[in-house]
Amino acid sequence: MQIDAVDQRIIALLVADARTSYADIGSRVSLSAPAVKRRVDRLRATGVIRGFTAVVDPAAVGWTTEAFVELFCAGRTTPTQLALAARRHPEVVGAYTVSGEADALVHLRAADISHLEEALERLRAEPFVTSSRSTIVLSRLVESPGVGPSTP
């Protein structure tokens, strides 16, 4: 599917605030509200926009501790095996296969250090994990829901 500059601006505006009205978006991209709706419907139907969500401050719900964990795996552990394992742990907020020494990088959030330690132990107990290396986040410097260089 071809995405033009207007689609990119619509996407950027929705990423910034998914509750922005079609009329407001239309005024910013020089389209009518129905034209914006048609474009958003097309972007959803083709999978460019996969959904809308609320962005919750982890601290507001008590998950103030986070870490990035490099996983080193035995043999030929597949991305599917890694994804299935990651989904078994509610503390996992992201999991990625990566280049370099590690086989995967996992982003964990927990209530406190004790909870983080429990989550790490459960993650390291997965049968294919041979070792791990953890880095605890001290502070968040930049966090953006953006998908590219487009700006509203």
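Buried, on this tour, means under 20% relative accessible area, exposed means over 50%, and partly exposed lies in between (1.4 Å probe, protein chains only). By that rule Glu66, at 9% relative accessibility, counts as buried, and we will come back to it.

The model is predicted, so local features need pLDDT of at least 70 and side-chain atom pairs count only at pLDDT 80 or more, while totals for chains, interfaces and linings use all residues. Residues are numbered from 1 along each chain as its sequence is written, and side-chain values use heavy atoms, with hydrogens and water left out.

**Stop 1: the two domains.** Colour residues 5–46 as domain 1 and 58–137 as domain 2; these bounds come from an automatic or database domain assignment. Over C-alpha atoms, the domain centres are 36 Å apart.

**Stop 2: a nonpolar patch.** Now select Met1, Ile3 and Val48, which make a nonpolar surface patch of about 230 Å². Patch residues have over 30% relative accessible area and no salt bridge; nonpolar side chains (Val, Leu, Ile, Met, Phe, Trp, Tyr) are joined within 5 Å, like charges within 9 Å. Areas come from the Shrake-Rupley method with a 1.4 Å probe, and for residues only the protein chains shown count as cover. Met1 sits in the segment before helix 1 (5–16). Helices (H or I, at least four residues) and strands (E, at least two) are DSSP runs, numbered from the N terminus.

**Stop 3: Arg42 and Asp7.** The structure has 12 salt bridges, each a side-chain nitrogen of Lys or Arg within 4 Å of a carboxyl oxygen of Asp or Glu. Show Arg42 with Asp7: their closest N and O atoms are 3.1 Å apart. Because Arg42 belongs to helix 3 (residues 33–45) and Asp7 to helix 1, this pair ties together parts 35 residues apart in sequence. Asp7 is buried at 1% relative accessible area, whereas Arg42 is partly exposed at 30%. Add Asp4 and Arg39 to your selection, and you have a salt-bridge network of Asp4, Asp7, Arg39 and Arg42.

**Stop 4: Glu66 and its partners.** Which residues should you show with Glu66? Start with Arg109, whose salt bridge to Glu66 has its closest N and O atoms 3.4 Å apart. This pair links strand 3 (residues 104–110), home of Arg109, to strand 1 (residues 65–73), home of Glu66, across 43 residues. Arg109 is buried, at 15% relative accessibility. Then add Arg140, which meets Glu66 in a salt bridge at 2.7 Å, N to O. Arg140 lies in the segment after strand 4 (129–136), so its pairing with Glu66 in strand 1 ties together parts 74 residues apart in sequence. Arg140 is partly exposed, at 36% relative accessible area.
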